[in-house]
Amino acid sequence: MADKPIFVLNGPNLNRLGMREPEIYGTVTLGEVETMCREAAGGWPVRFHQSNAEHQLVDWIHEAIDDGAGILINPAGLTFRSIPILDALKMFPGPIIEFHISNIRRREEIYHHSLVSPVATAVLAGLGPKGYALAVHALLDMIDR
Ligand code: DHK
């Protein structure tokens with residue numbers, strides 16, 4: 001049976017990666033992050049998405065519920081406010097890695113309380129954009145277990 005894809009989902013403003021506060025998020029673009037994720041997946045199918053719209057992220061999580069093996073999600077600013085994303089992730093039966101480019105616990109207080117962490121299998125934060133590749137390896141390892 002063909003491997004079910006992993007979903008790499010990115011929230012608001014991450015389409016501006018590379019230009020957005022490079023001192024925090026680096027100069028790597030989201031397109032380069034996608035390439036790194038696909039390379040790290042080593043042929044395992046990857047569905048890579050970004051949206052500034054909460055409902056679109058919820059729809060992709062529903063797709064993962066029906067067809068995905070794992071979710072790697074950077075909800076960005078929705079991490080701290082989105083009940084719909086939390087509720088959708090609760091339905092996902094496989095491993096979930098919550099990912100943040102920056103160490104959100106070392107930033108302003110508004111970034112300290114994630115609604116997603118209680119349903120995440122693991123949380124990675126502060127590794128910079130190249131951390132996405134590490135997260136993909138970790139997610140695939142969880143799936144293979
Ligand atoms: C990205 C964002 O857009 C912020 O809202 C989060 C996260 C941090 C990141 O580090 O990837 O607070």
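Is alanine 76 buried or exposed, and what is its relative accessible area? In this predicted model, alanine 76 is buried, with a relative accessible area of 12%.

**Backbone and loops**

Alanine 76 belongs to the loop that runs between β3 (70-74) and α4 (83-90), and its phi is near 55 degrees, a positive value in a residue other than glycine. Most residues other than glycine have a negative phi. Glutamate 21 also has a positive phi, near 35 degrees, and is likewise a residue other than glycine. The loop that holds glutamate 21 lies between β1 (6-10) and α1 (22-25), and glutamate 21 is partly exposed there, with a relative accessible area of 35%.

Serine 51 is placed in the loop between β2 and α3, where this residue counts as buried at 9% relative accessibility. A polar atom of the side chain of serine 51 lies 2.9 Å from the backbone nitrogen of alanine 53. Serine 51 is called buried because its value of 9% falls under the 20% limit for that class.

Towards the start of the chain, alanine 2 is found in the segment before β1 and counts as exposed, with a relative accessibility of 64%. The C-alpha atom of alanine 2 is separated by 14 Å from that of isoleucine 143, although these two residues are 141 residues apart along the chain.

**Salt bridges**

The model contains 5 salt bridges by the rule applied here, and three of these pairs are described in the table and the text that follows.

| Acidic residue | Basic residue | Closest N and O atoms |
|---|---|---|
| glutamate 34 | arginine 38 | 2.9 Å |
| glutamate 63 | arginine 47 | 3.8 Å |
| aspartate 67 | arginine 47 | 2.5 Å |

The pair of glutamate 34 and arginine 38 lies within helix α2 (residues 30-41), and because the two residues are 4 residues apart in that helix, they are separated by about one helical turn. Glutamate 34 counts as partly exposed at 26% relative accessibility, and arginine 38 is also partly exposed, with a relative accessible area of 37%.

How far apart in sequence are the parts that the pair of glutamate 63 and arginine 47 ties together? The closest N and O atoms of glutamate 63 and arginine 47 are 3.8 Å apart, and since glutamate 63 lies in helix α3 (residues 54-67) and arginine 47 in strand β2 (residues 46-50), the pair ties together parts that are 16 residues apart in sequence. This pair is counted as a salt bridge because its separation of 3.8 Å is within the 4 Å cut-off. Glutamate 63 is partly exposed, with a relative accessible area of 35%, and arginine 47 is partly exposed as well, at 29%.

Arginine 47 also forms a salt bridge with aspartate 67, with the closest N and O atoms 2.5 Å apart. This second pair links distant parts of the chain, with arginine 47 in strand β2 and aspartate 67 in helix α3, 20 residues apart. Aspartate 67 counts as partly exposed, at 28% relative accessibility. Through salt bridges that share partners, Arg47, Glu63 and Asp67 are joined into one network.

**The ligand site**

The ligand sits in the largest pocket. There are 13 residues around the ligand, and those that come nearest are Arg20, Asn74, Ile101, Ser102 and Tyr111. What kind of atom does each of these contribute to an oxygen atom of the ligand, in the cases of asparagine 74, isoleucine 101 and serine 102? Asparagine 74 places a polar side-chain atom 2.8 Å from an oxygen atom of the ligand, while serine 102 places a polar side-chain atom 2.7 Å from a ligand oxygen atom. Isoleucine 101 takes part through its backbone, with an N or O atom that lies 2.8 Å from an oxygen atom of the ligand. The protein covers 98% of the 310 Å² of accessible area that the ligand has on its own.

Definitions and conventions
Residues are numbered from 1 along each chain as its sequence is written. This is a predicted model: local features need pLDDT of at least 70, side-chain atom pairs count only at pLDDT 80 or more; totals for chains, interfaces and linings use all residues. Side-chain values use heavy atoms; hydrogens and water are left out. A salt bridge is a side-chain nitrogen of Lys or Arg within 4 Å of a carboxyl oxygen of Asp or Glu. Buried means under 20% relative accessible area, exposed over 50%, partly exposed in between (1.4 Å probe, protein chains only). A residue is near a molecule or strand if one of its heavy atoms lies within 4 Å of it. A polar contact is a pair of N or O atoms within 3.5 Å; within protein, one must be able to donate a hydrogen and the other to accept it, and residues adjacent in sequence count only if both atoms are side-chain atoms. Accessible areas come from the Shrake-Rupley method with a 1.4 Å probe; for residues, only the protein chains shown count as cover. On a 1 Å grid over the protein atoms alone, a cavity is a set of points where a 1.4 Å probe fits but cannot get out, and a pocket is an open set with protein on both sides within 12 Å along at least five of seven lines; lining residues have an atom within 4 Å of a point. A molecule sits in a cavity or pocket if more than half of its atoms lie within 2 Å of its grid points.
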